[in-house]
Amino acid sequence: MIERNVDLQSHNTLRLTSTANAYSRVDSLDGLSAAITFSQQENIPLIPLGEGSNVILQPTVDAHIVDIQLRGIKKIKEDDEHVWVEVAAGENWHQWVMQSIEEQWYGLENLALIPGRVGAAPIQNIGAYGCEVATFIDCVNYIHLDKVIETNLSQSVLTAEQCQFSYRNSIFKQSLAGLTVITSVVFKLDKVFSPQLSYPALKQKINMDKAGTIDATTVANAVINIRSEKLPNPDHLPNAGSFFKNVVANQQQLDALLQDYPDAPYFSYEATQTIQSAAKTSAYKIPAAWLIEQCGFKGERHGHLGMHEKQALVLINYSDQAQAKINASDILKFSNHIASTVQHRFGFNLHREPQTLP
Ligand code: EPU
């Protein structure tokens with residue numbers, strides 16, 4: 001059923017005031033086909049939306065918002081070392097991670113508790129605690145919206161390489177932006193567990209909690225604990241996770257920073273796939289949270305908005321919804337102020353992580 005003039009405040013974790021021209025839920029490919037036909041007839045763009053955990057919705061969304069609820073988890077094949085599993089786009093990400101561990105399919109442990117759905121994971125190549133989802137993706141199935149003729153829904157597929165994954169980026173945010181609905185993701189997971197503990201805070205947490213052998217559940221639980229300690233629950237404090245990407249700097253930029261700030265944190269950056277040739281020789285990530293904290297924004301409120309007291313990278317909407325309505329332009333204004341303060345002091349450009357829609 002297609003609804004008109006739908007309030008999207010409960011469909012985005014920043015709880016922004018926003019109204020969509022049209023809204024529907026689809027739980028089958030037939031339903032998706034009908035939704036696409038409707039958008040074509042009305043001549044309005046179709047925008048898929050899951051849990052709305054990484055979006056900044058404009059006050060008016062002149063589009064057909066489609067809540068993709070396709071479900072299903074299916075083992076496709078296996079060999080001695082790996083298992084290939086197709087997971088429908090509408091599955092909840094965290095529940096899928098926990099199920100994969102139960103099935104003894106390994107690789108996704110470090111990505112536990114990331115909000116959102118499976119279909120959103122490849123778009124921004126979700127990552128945490130030394131892992132990126134791209135490493136475990138075999139291919140992505142999707143519908144190319146410009147190629148749907150009448151009700152003929154033929155699915156397209158991109159291999160992981162074709163997805164052009166890089167840090168919080170993929171072809172779905174670049175040349176295919178706005179043109180696709182991801183229907184399922186095929187993961188290639190390990191049958192033998194090997195912990196990925198390159199992230200110092202994770203290693204430390206595990207060593208504190210447990211001596212002896214480390215299994216996948218131990219790692220997932222440690223990740224869940226760290227995330228719960230640092231990252232605010234959007235049900236209590238509306239937010240979209242990391243609001244900016246970390247800065248990717250070259251050797252020269254890093255050296256210049258360390259000259260002025262010898263204690264600045266940085267991590268050497270290993271891209272999943274190719275990175276820009278200019279940065280290929282040596283690239284480093286400089287935590288945007290540190291830059292923002294240095295500029296005095298951590299825990300600070302500006303009106304109804306502020307940066308989280310425990311993680312300076314998380315922008316919070318503190319407004320009491322009954323009294324103050326925060327919209328996208330308030331968020332963009334505040335975040336531009338932060339970015340320009342950081343740029344002025346450090347010379348680095350901060351790039352927003354959540355996508356502004358439409
Ligand atoms: N830091 C500060 N101040 C802070 C917080 C952090 O100076 O308030 C510095 C510290 O030096 C710390 C470093 O930043 O060591 C890294 O902080 P943290 O481990 O919290 O991770 P992050 O780089 O800020 C990234 C991801 C998160 C992911 C974590 C853990 C991005 C944009 N964000 O944040 O992803 O959970 O690493 O791996 O890459 C998300 O994308 O929504 C998200 C939460």
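# A guided walk through the model

Visitor: Leaving aside its neighbours within four places in sequence, which residues is Asn141 in contact with?
Guide: Once those neighbours are set aside, Asn141 is in contact with Glu86, Gln155, Ser156, Val157, Ile182, Thr183, Ser184 and Val186. Bear in mind that we're looking at a predicted model. As for its own place, Asn141 lies in strand β10. So the contacts to look for around this strand residue are Glu86, Gln155, Ser156, Val157, Ile182, Thr183, Ser184 and Val186.

Visitor: Does Asn141 count as buried or exposed?
Guide: Residues under 20% relative accessible area are called buried. Asn141 comes in at 15%, so this strand residue counts as buried.

Visitor: Which element gives the most to the largest nonpolar core?
Guide: That core has 47 residues, and those with the most contacts inside it are Trp93, Trp96, Leu108, Phe172, Phe187 and Leu202. The elements giving two or more residues to it are β7 (82-88), α2 (93-102), β10 (137-144), β12 (180-190), α3 (200-209) and α4 (216-230). With seven residues, the one that gives the most is α4.

Visitor: How many residues does the second, separate core have?
Guide: Nonpolar side chains tend to be buried together in soluble globular proteins. Here a second, separate core includes Phe243, Ala249, Ile292 and Ala328. Its count of residues is 36.

Visitor: Back in the largest core, what does Trp93 touch, not counting residues up to four places away in sequence?
Guide: Trp93 is among the residues with the most contacts inside the largest nonpolar core. Without those sequence neighbours, the list for Trp93 reads Leu108, Leu111, Ile114, Gly116, Arg117, Val118, Ala121, Ile126, Val133 and Phe187.

Visitor: On to the ligand: which element gives the largest share of the shell around it?
Guide: The shell has 24 residues, and the closest are Tyr129, Tyr167, Tyr199, Glu293 and Gln311. By class, 12 of the shell residues are nonpolar, five are polar and seven are charged. Three residues make up the largest share, and they come from α6.

Visitor: How far is a nitrogen atom of the ligand from an N or O atom in the side chain of Glu293?
Guide: Let's go through some side chains in turn. Tyr167 has a side-chain N or O atom 2.7 Å from an oxygen atom of the ligand, and for Lys298 such a pair, again with a ligand oxygen, is 2.8 Å apart. For Glu293 the ligand atom is a nitrogen, and the distance is 2.6 Å.

Visitor: And how much of the ligand's accessible area does the protein cover?
Guide: On its own, the ligand has 820 Å² of accessible area. Elements giving two or more residues to the shell are β8 (127-128), α4, β13 (239-242) and α6 (288-294). The share of the ligand's area that the protein covers is 84%.

Visitor: Which side chains make polar contacts with the side chain of Asp67?
Guide: Asp67 sits in strand β5 (residues 60-68), and it is buried because its relative accessible area is 6%, where the cut-off is under 20%. One polar contact of its side chain is 3.3 Å, to the side chain of Tyr23. Another, at 3.2 Å, joins it to the side chain of Gln69. That gives you Tyr23 and Gln69.

Visitor: Where is Thr17 found?
Guide: Thr17 counts as partly exposed because its relative accessibility is 25%, between the 20% and 50% limits. Leaving out residues up to four places away in sequence, Thr17 touches Gln9, Gln58, Pro59, Lys325, Ile326 and Asn327. Its place is the loop between β1 (3-7) and β2 (19-26).

Visitor: What is the phi of Asn125 near?
Guide: Most residues other than glycine have a negative phi. Asn125, in the loop between α2 and β8, goes the other way, with a positive value. It is also buried, at a relative accessible area of 0%. Its phi is near 45°.

Visitor: What about the phi of Gln164?
Guide: Gln164 lies in the loop between β11 (155-159) and β12. At 48% relative accessibility, it counts as partly exposed. Though not a glycine, Gln164 has a positive phi of about 50°.

Visitor: Is the peptide bond from Leu357 to Pro358 cis or trans?
Guide: Most peptide bonds are trans. Pro358 is in the segment after β20 (355-357). With omega near -10°, the bond from Leu357 to Pro358 is cis.

Definitions and conventions
Residues are numbered from 1 along each chain as its sequence is written. This is a predicted model: local features need pLDDT of at least 70, side-chain atom pairs count only at pLDDT 80 or more; totals for chains, interfaces and linings use all residues. Side-chain values use heavy atoms; hydrogens and water are left out. A nonpolar core is a set of buried Ala, Val, Leu, Ile, Met, Phe, Trp, Tyr and Cys residues joined through side-chain atoms within 4.5 Å. Buried means under 20% relative accessible area, exposed over 50%, partly exposed in between (1.4 Å probe, protein chains only). Helices (H or I, at least four residues) and strands (E, at least two) are DSSP runs, numbered from the N terminus. Contact means heavy atoms within 4.5 Å. A residue is near a molecule or strand if one of its heavy atoms lies within 4 Å of it. A polar contact is a pair of N or O atoms within 3.5 Å; within protein, one must be able to donate a hydrogen and the other to accept it, and residues adjacent in sequence count only if both atoms are side-chain atoms. Accessible areas come from the Shrake-Rupley method with a 1.4 Å probe; for residues, only the protein chains shown count as cover. Ala, Val, Leu, Ile, Met, Phe, Trp, Tyr, Cys and Pro count as nonpolar, Asp, Glu, Lys and Arg as charged, and the others, Gly among them, as polar.
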